[in-house]
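Opening a fresh notebook page for this one. I'll jot things down as I look them up.

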2 protein chains.
Amino acid sequence: MGDEFCSCDIVHENVIEMVKKKMPQEEKLYDLAELFKVFGDTTRVKIISALFEAEMCVCDIAELLHMTQSAISHQLRVLRQARLVKHRKEGKVVFYSLDDEHIKSIFNQGLEHILEPRGFEYALQ
Amino acid sequence: MGDEFCSCDIVHENVIEMVKKKMPQEEKLYDLAELFKVFGDTTRVKIISALFEAEMCVCDIAELLHMTQSAISHQLRVLRQARLVKHRKEGKVVFYSLDDEHIKSIFNQGLEHILEPRGFEYALQ
DNA sequence: TTAACATATGAGCAATTGTTCATATGAACA
DNA sequence: TGTTCATATGAACAATTGCTCATATGTTAA
């Protein structure tokens, strides 16, 4: 039954069909993964966390995170392309700030998950 | 001023100090990035999306996503370690389901972001 | 016990990613 | 105009990641 991606015999076809119908489009799920991938790096999470507090220029962020200007600039590019930050030029200086209200929600939900006490079963792993 | 991670002279020390005080602990931000990293893969996003609809065994998921049992099992391990799914054994069969209410929120906030219409400036990039 | 089966896991490989280094761009000012 | 400075970017390299393949684990049934 099916395309043999699993050697099992017990496949629950009715469940699979139901789930297949209800799941979002493949493309949406791909985009969603791409979005979370942007959040999935310590440097970028730190940048976002910093920009929650204040608009900052590239140089400030580099100084704050003890990283090179180049590294920060590369990461800001990623954040820009994901529409998570916006920028404003003032002469030579470029100020970055958060672009989206959703970010705070996503970020905070993530923090809540992190801060939850861990269950017994997990502690054993 | 500072540790010279940036050759700039214009560093706004007062902003940096303020932000530094308000930012979450480094370790929390690291954990947060680790959590989002788990969401940042198409296969795992699809698995989570499927488990929103129903509890499923490894074989069902493999069939649904047209992927090998091994690939799915490896990814389920990642999801388990991040406490995003739980499992229940019934004989040889292992059923997986979502472990956490936060997941739905994080996931849906992400989808909202994805679905937002894009601005003019971004369209040009 | 042995055979069959559902799942888990380790090693290896290709693809992706984050940083560094060198340099380009573009704005302000002498 | 030429210089200085803030930022952006391309190439290269090391580290990480997701999959495959082979095999281990653990459960059921003969």
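**Entry 1: the protein–protein interface**

I started with the area buried between chain A and chain B, which comes to about 6900 Å², with carbon and sulfur atoms giving 66% of that. Note to self: this is a predicted model. I then pulled the contact list and got 76 residues of chain A in contact with 76 residues of chain B.

How many salt bridges does the rule find across the interface of chain A and chain B? It finds 2. I looked at K46(A) with E26(B), where the closest N and O atoms of the salt bridge are 2.7 Å apart. I also sorted the side of chain A that touches chain B by residue class: 39 nonpolar, 16 polar and 21 charged. For polar contacts between chain A and chain B, my count is 4 residue pairs, both residues at pLDDT 80 or more.

**Entry 2: one residue in helix 6**

I picked out Q109(A), which sits in helix 6 (residues 101–115) of chain A. Buried or exposed, this Q109(A)? Its relative accessible area is 18%, and buried means under 20%, so I put Q109(A) down as buried. Leaving out residues up to four places away in sequence, Q109(A) touches H102(B), S105(B) and I106(B).

**Entry 3: DNA strand D**

Next I went to the DNA. I find 29 residues surrounding DNA strand D, and the closest are S70(A), Y96(A), T43(B), S70(B) and Q75(B). Sugar and phosphate make up 65% of the strand D atoms that come within 4 Å of the protein.

Which elements supply at least two residues each to the surface near DNA strand D? From chain A I have helix 4 (58–65), helix 5 (69–81) and strand 3 (93–98); from chain B, helix 3 (42–53) and helix 5 (69–81). Helix 5 of chain A gives the most, with 6 residues. By class, the residues of this surface split into 10 nonpolar, 11 polar and 8 charged.

I checked some individual distances too. In Y96(A), a side-chain N or O atom is 2.7 Å from a phosphate oxygen of DNA strand D. T43(B) also has a side-chain N or O atom 2.7 Å from a phosphate oxygen of that strand. For a base, I looked at H74(A): one of its polar side-chain atoms lies 2.8 Å from a base oxygen of DNA strand D.

**Entry 4: DNA strand C**

I ran the lookup on the other strand. Of the 29 residues around DNA strand C, those that come nearest are T43(A), S70(A), Q75(A), S70(B) and Y96(B). Sugar and phosphate account for 65% of the strand C atoms within 4 Å of the protein.

Here the elements giving at least two residues each are helix 3 (42–53) and helix 5 of chain A, plus helix 4 (58–65), helix 5 and strand 3 (93–98) of chain B. The largest share, 6 residues, comes from helix 5 of chain B. My class tally for the surface near DNA strand C reads 10 nonpolar, 11 polar and 8 charged.

On to the distances. R44(A) has a polar side-chain atom 2.9 Å from a phosphate oxygen of DNA strand C. C59(B) comes in through its backbone, with an N or O atom 3.1 Å from a phosphate oxygen. H74(A) turned up again, with a side-chain N or O atom 3.3 Å from a base oxygen of DNA strand C.

**Entry 5: salt bridges**

Over all chains I get 10 salt bridges. Reminder: side chains of opposite charge can pair when their charged atoms come close.

I opened E55(A) and R88(A), a salt bridge with its closest N and O atoms 2.7 Å apart. The pair links distant parts of the chain, 33 residues apart: E55(A) is in the loop between helix 3 and strand 1 (56–57), and R88(A) is in strand 2 (residues 85–90). E55(A) is partly exposed at 34% relative accessibility, and R88(A) is partly exposed at 35%. I also noted a network of salt bridges linking E55(A), R88(A) and E90(A).

In chain B, the side chains of E55(B) and R88(B) meet in a salt bridge at 2.7 Å, N to O. E55(B) is in the loop between helix 3 and strand 1 (56–57) and R88(B) is in strand 2 (residues 85–90), so the bridge ties together parts 33 residues apart in sequence.

Last one for the page: E17(B) and K20(B) form a salt bridge at 3.8 Å, N to O. Both lie in helix 1 (residues 13–22) of chain B, 3 residues apart, about one turn of the helix. I have E17(B) as partly exposed at 34% and K20(B) as partly exposed at 41%.

Note on methods. Residues are numbered from 1 along each chain as its sequence is written. Chains are lettered from A and ligands numbered from 1 in the order in which they are written. This is a predicted model: local features need pLDDT of at least 70, side-chain atom pairs count only at pLDDT 80 or more; totals for chains, interfaces and linings use all residues. Side-chain values use heavy atoms; hydrogens and water are left out. A residue is near a molecule or strand if one of its heavy atoms lies within 4 Å of it. A polar contact is a pair of N or O atoms within 3.5 Å; within protein, one must be able to donate a hydrogen and the other to accept it, and residues adjacent in sequence count only if both atoms are side-chain atoms. Helices (H or I, at least four residues) and strands (E, at least two) are DSSP runs, numbered from the N terminus. Ala, Val, Leu, Ile, Met, Phe, Trp, Tyr, Cys and Pro count as nonpolar, Asp, Glu, Lys and Arg as charged, and the others, Gly among them, as polar. Buried means under 20% relative accessible area, exposed over 50%, partly exposed in between (1.4 Å probe, protein chains only). Contact means heavy atoms within 4.5 Å. Buried area is the accessible area (1.4 Å probe) that two parts lose on being put together, summed over both. A salt bridge is a side-chain nitrogen of Lys or Arg within 4 Å of a carboxyl oxygen of Asp or Glu.
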